[in-house]
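Work through the exercises below with the sequence and the model side by side. Try each task before reading its solution.

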Amino acid sequence: MCIRDRDYNLLNKKNNLNELEAIYIAKLINKTDAQKYFIDSPSNPKNFYKKLSKYLKRDAEIILENKLDENNLAVAAASIIGKVIRDREIEKIKKEINEDIGSGYPGDEKTLNFLKKVLKEKKEYSFIRKSWVTYMEEKNKIKIKKLTDFL
């Protein structure tokens, strides 16, 4: 399941990325009939289960652990598939806007440079998550003026 532009409205101050993940995981569980699910938790498993359970419409056994992909071959395979799909989506975005946005990860210099450029030029792209800490930090850096800017 791929997140498209129409789904970004789910991301607001109340619905962070973990909330969005809980919504989509629950959608998948609700649409299938397996009795047991293995989930690599994106945060504290107990807290994530609370989020997830709000959206579940049926009973199922849920194995929820951090780094489950290290201990479960099926989860590891799903993780690899997810990363491949993510990389393909990043490549589509690059072609669509005809710019190298890097990998999309905050530690990637190309991604940070692209983000800084977008903020400086005041461009808007629906694929940039405005609740992303990296986005907010870079946006705040632009807002902060130096004393010499007023001279």
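What share of the contacts in the protein with a separation of 6 or more comes from residues 24 or more positions apart? Residues 24 or more positions apart account for 46% of those contacts. Contact means heavy atoms within 4.5 Å.

Some ground rules come next. This is a predicted model, where local features need pLDDT of at least 70 and side-chain atom pairs count only at pLDDT 80 or more, while totals for chains, interfaces and linings use all residues. Residues are numbered from 1 along each chain as its sequence is written, and side-chain values use heavy atoms, leaving out hydrogens and water.

**Exercise 1. List the elements in order.**

Step 1: the secondary structure comes to five helices and two strands. Helices (H or I, at least four residues) and strands (E, at least two) are DSSP runs, numbered from the N terminus.
Step 2: read from the N terminus, the order is α-β-α-β-α-α-α.

**Exercise 2. Describe how α1 and α2 pack.**

Step 1: locate helix α1 at residues 17-31 and helix α2 at residues 45-53.
Step 2: their axes lie 8 Å apart, at an angle of about 55°. Axes are lines fitted to C-alpha atoms, for helices over the stretch in contact, and angles run from 0 to 180 degrees between N-to-C directions.
Step 3: α1 and α2 are therefore oblique to each other. Angles under 35 degrees count as roughly parallel, over 145 as roughly antiparallel, 65 to 115 as roughly perpendicular and the rest as oblique.
Step 4: find the contact. N18, E19, E21, A22, I25 and A26 of α1 meet F48, K51 and L52 of α2.

**Exercise 3. Do the same for α4 and α5.**

Step 1: the axes of α4 and helix α5 (residues 133-143) come within 10 Å and cross at roughly 50°.
Step 2: that makes α4 oblique to α5.
Step 3: name the residues. L112, L115, K116, L119 and K120 of α4 touch T134, Y135, E138, K139 and I142 of α5.

**Exercise 4. Place D100.**

Step 1: D100 sits in the loop between α3 (73-97) and α4 (109-121).
Step 2: is D100 buried, partly exposed or exposed? D100 counts as partly exposed because its relative accessibility is 38%. Buried means under 20% relative accessible area, exposed over 50%, partly exposed in between (1.4 Å probe, protein chains only).
Step 3: leaving aside neighbours within four places in sequence, D100 is in contact with K94, K110 and F114.
Step 4: check the spacing. D100 and K110 are 10 residues apart in sequence and 7.4 Å apart in space, C-alpha to C-alpha.
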